[in-house]
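Me: I'd like to learn how to read a structure like this one, feature by feature. Could you take me through it?

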Amino acid sequence: MINFLFLNGARSEVYTVGDEEEWNADADFASWSQKYKFSVGDVLRFTYVKGQHNAYEVTEDTYRSCNVSSGVLAKYESGNDQIKLKQAKKYWFICNVPGHCLGGMRFSIDVEEASATSGANSTSATITPPMESSSPLNSCKSYAPVRWSMGINLIAFGILVRLYF
């Protein structure tokens with residue numbers, strides 16, 4: 001899940017996007033992206049079946065609209081993409097396979113400057129409560145709220161699209 005690298009005295013980490021569920025349509029990337037504190041030098045690993053998914057780094061507008069006619073910063077399509085976070089900034093990622101972005105295959109992260117004291121299990125403030133560590137990631141108890149919140153987000157997004165178009 002997380003590997004450690006040492007650069008200039010600071011610990012860098014490799015995060016598998018989606019953890020055990022990896023980069024696929026069944027994972028909850030909004031919750032996943034809030035579990036960790038990302039720093040410059042960390043690496044995101046997108047693991048998926050080549051041809052079934054891809055990973056695009058995009059601008060905020062492209063992330064919100066899921067329309068890649070503009071705003072694509074980088075394309076990754078190997079099935080095992082390693083993306084080094086080189087700047088302290090907000091990053092946005094989507095899957096550009098039709099329907100996947102709107103279906104939830106997207107997330108954003110805030111990347112901070114690296115520090116020698118950042119830890120593997122550091123967490124940032126989250127809007128939703130973290131999952132209980134005693135329940136498996138794929139249990140019904142932890143999975144049902146994830147699907148419910150995704151459905152609400154999709155309905156809200158549909159309403160917003162209709163208001164603006």
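Me: Let me begin with one residue: where does Glu22 lie?

Reply: Happy to help, and please keep in mind that this is a predicted model. Glu22 sits in the loop between β2 and α1. Its phi is near 60°, a positive value in a residue other than glycine.

Me: Which other residue in that loop has a positive phi, near 50°?

Reply: That is Asp19, with phi near 50°, and again it is a residue other than glycine. Asp19 is found in the loop between β2 (10–16) and α1.

Me: How do I judge whether Asp19 and Glu22 are buried or exposed?

Reply: Look at the relative accessible area: under 20% is buried, over 50% is exposed, and the range in between is partly exposed. Asp19 has 7%, so Asp19 is buried. Glu22 has 32%, so Glu22 is partly exposed.

Me: What about an acidic residue in a strand, such as Glu13: buried or exposed?

Reply: Glu13 belongs to strand β2, and at 2% relative accessibility Glu13 counts as buried. Its side chain makes a polar contact of 2.4 Å with the side chain of Tyr15.

Me: Now the larger picture. How many helices and strands are there?

Reply: The protein has three helices and nine strands. Along the sequence they follow the pattern β-β-α-β-β-β-α-β-β-β-β-α.

Me: How are strands put together in a sheet, and what is the strand order of the open sheet here?

Reply: As a general idea, strands of a sheet pair through backbone hydrogen bonds, in parallel or antiparallel fashion. Here, an open sheet of five strands has the order β3-β9-β8-β5-β6, and its pairing is mixed. At the edges stand β3 (38–39) and β6 (72–76); each has a single partner strand, so one side of each is left without a neighbour in the sheet.

Me: How many bridges join β5 to β8?

Reply: Three bridges join β5 (residues 55–58) to β8, and the two strands run antiparallel. To find one of these pairings, start at Tyr56: its bridge partner in β8 is Ile94.

Me: Which residues should I look at in the largest nonpolar core?

Reply: Of its 22 residues, Trp23, Phe38, Leu44, Phe46 and Phe107 touch the most other members. At least two residues of this core come from each of α1 (29–34), β4 (43–47), β8 (90–94) and β9 (106–112). β9 gives the most, with three residues. There is also a second, separate core of seven residues, which includes Tyr56, Tyr63, Ile94 and Cys101.

Me: What is Leu44 in contact with, beyond its neighbours within four places in sequence?

Reply: Its contacts include Tyr15, Val17, Trp32, Phe38, Phe93, Phe107 and Ile109, as well as Asp81 and Gln82.

Me: Where is the place of His53, and is His53 buried or exposed?

Reply: His53 is in the loop between β4 and β5, and at 10% relative accessibility His53 counts as buried. The side chains of His53 and His100 are joined by a polar contact of 3.1 Å. The C-alpha atoms of His53 and Asn24 are separated by 7.3 Å, although these residues are 29 residues apart along the chain. Beyond its neighbours within four places in sequence, His53 has contacts that include Trp23, Asn24, Tyr48, Cys95 and Met105.

Me: To finish, what share of the residues of the protein count as buried?

Reply: Of the 165 residues, 39% count as buried. The accessible surface comes to about 9,800 Å², of which 56% belongs to carbon and sulfur atoms.

Key. Residues numbered from 1 in each chain as written. Predicted model: local features only at pLDDT ≥ 70, side-chain atom pairs only at ≥ 80, totals over all residues. Heavy atoms only, no water. Core = buried A, V, L, I, M, F, W, Y, C linked by side-chain atoms within 4.5 Å. Buried < 20%, exposed > 50% of the residue type's maximum accessible area, 1.4 Å probe, protein only. Helix = DSSP H or I, 4+ residues; strand = E, 2+ residues; numbered from the N terminus. Contact = heavy atoms within 4.5 Å. Polar contact = N/O pair within 3.5 Å; in protein donor to acceptor, adjacent residues only side chain to side chain. Pairing = 2+ DSSP bridges. Areas by Shrake-Rupley, 256 points an atom, 1.4 Å probe, with all protein chains shown as cover.
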